[in-house]
Amino acid sequence: MTLYLTNALKESLRHLGDEFKANRLAYLSLTSKNEQPLCSALASRLHDKLMSDSDKYPNLTIRREWTALRMPGHRIDLAVLEGDGATEAKLLRAKMLIEAKAAMAFDPLKKSDLVFPSKDVLADADKLRKFNEVDQRHTLAFFTIYDGLPDCKHHAAIKYIDGMKRHKKRHEDLKDSFLNQGLRRFREAVG
């Protein structure tokens, strides 16, 4: 089952963008933090995959914002749980736990000792380690990468426009600066 769930997660992530109409994810990513829409889409993708294979794995379900009975203060973004349908969600056995964070491409490029969202991702990883009986634990970081700034008439609607403008001032190629500098800084910070 471990390999099955790993492959289901990989496939779901590969096709995550298919869950959004054209330009919908771009709009959501620019106007607010996109962690919730992305986690919702991932949950939907995983659910569809599990339902399509329910003959092989009939007792798997996806739970969003799951809290285990023995860990009441630790909510998990996504959980793949195993148990019969009559079992209360808190009592189901966790097979895979997923925590996710969202950030903008300029975040890990900020001139600071703290590489965002590395501290939050590390905190999520520590939280997941407390569930040592779970087969799989994953921390995800979603970065919004942009090629340029939208038309000025839309700037008032863009939550992170100031950070995007600073990024554009410092770096000629926005996507390249994230991929070659920001992503490297982030990976080094999370070890």
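Let's start with a hole: the largest cavity has a volume of about 30 Å³. Keep in mind that this is a predicted model. With a cut-off of 30 Å³ or more, the count comes to one cavity. Which residues line the largest cavity? They are Gln-36, Cys-39, Arg-64, Glu-65 and Asp-77. Looking at where these come from, α3 (35–52) and β1 (60–67) are the elements that give two or more residues to the lining. By class, you'll find three charged residues there, along with one polar and one nonpolar.

From β1 it's an easy step into the sheet. Four strands make up an open sheet in the order β1-β2-β3-β4, and the pairing is mixed. Which strands sit at the edges? Those are β1 and β4 (136–144), each of which pairs on one side only. On average, neighbouring strands in this sheet are turned by 25 degrees against each other, if you ignore direction.

Now walk across the strands. β1 and β2 run antiparallel and are joined by seven bridges. One place to look is Thr-61, which stands opposite Leu-81 in β2. Moving on, β2 (residues 75–82) pairs with β3 (residues 93–104), again in the antiparallel sense, this time over five bridges. Leu-81 turns up here too, standing opposite Ala-94 in β3. Further along, Leu-78 has Ile-98 in β3 as its bridge partner.

Is β2 mostly covered or mostly open? Mostly covered: seven of its eight residues are buried, where buried means under 20% relative accessible area.

That brings us to the packing. In soluble globular proteins, nonpolar side chains tend to be buried together. Here, the largest nonpolar core has 22 residues. Those with the most contacts inside the core are Leu-5, Leu-42, Leu-46, Leu-50, Ile-62, Val-80 and Ile-98. You've met Ile-98 already, as the bridge partner of Leu-78. Which elements give two or more residues to this core? The list reads α1 (2–14), α3, β1, β2, β3 and β4. So which of them gives the most? It's α3, with seven residues.

To pull the threads together, α3 is worth a second look: this helix gives two or more residues to the cavity lining and also gives the most to the core. β1 likewise appears in several places, as a contributor to that lining, as an edge strand of the sheet and as one of the elements giving two or more residues to the core.

Notes:
Residues numbered from 1 in each chain as written. Predicted model: local features only at pLDDT ≥ 70, side-chain atom pairs only at ≥ 80, totals over all residues. Heavy atoms only, no water. 1 Å grid on protein atoms, 1.4 Å probe; cavity = no way out; pocket = protein on both sides within 12 Å on 5 of 7 lines; lining within 4 Å. Points joined across faces, edges and corners; volume = space filled by probe spheres on them. Nonpolar A, V, L, I, M, F, W, Y, C, P; charged D, E, K, R; others polar. Pairing = 2+ DSSP bridges. Axes fitted to C-alpha atoms, helices over the stretch in contact; angles between N-to-C directions. Core = buried A, V, L, I, M, F, W, Y, C linked by side-chain atoms within 4.5 Å. Buried < 20%, exposed > 50% of the residue type's maximum accessible area, 1.4 Å probe, protein only.
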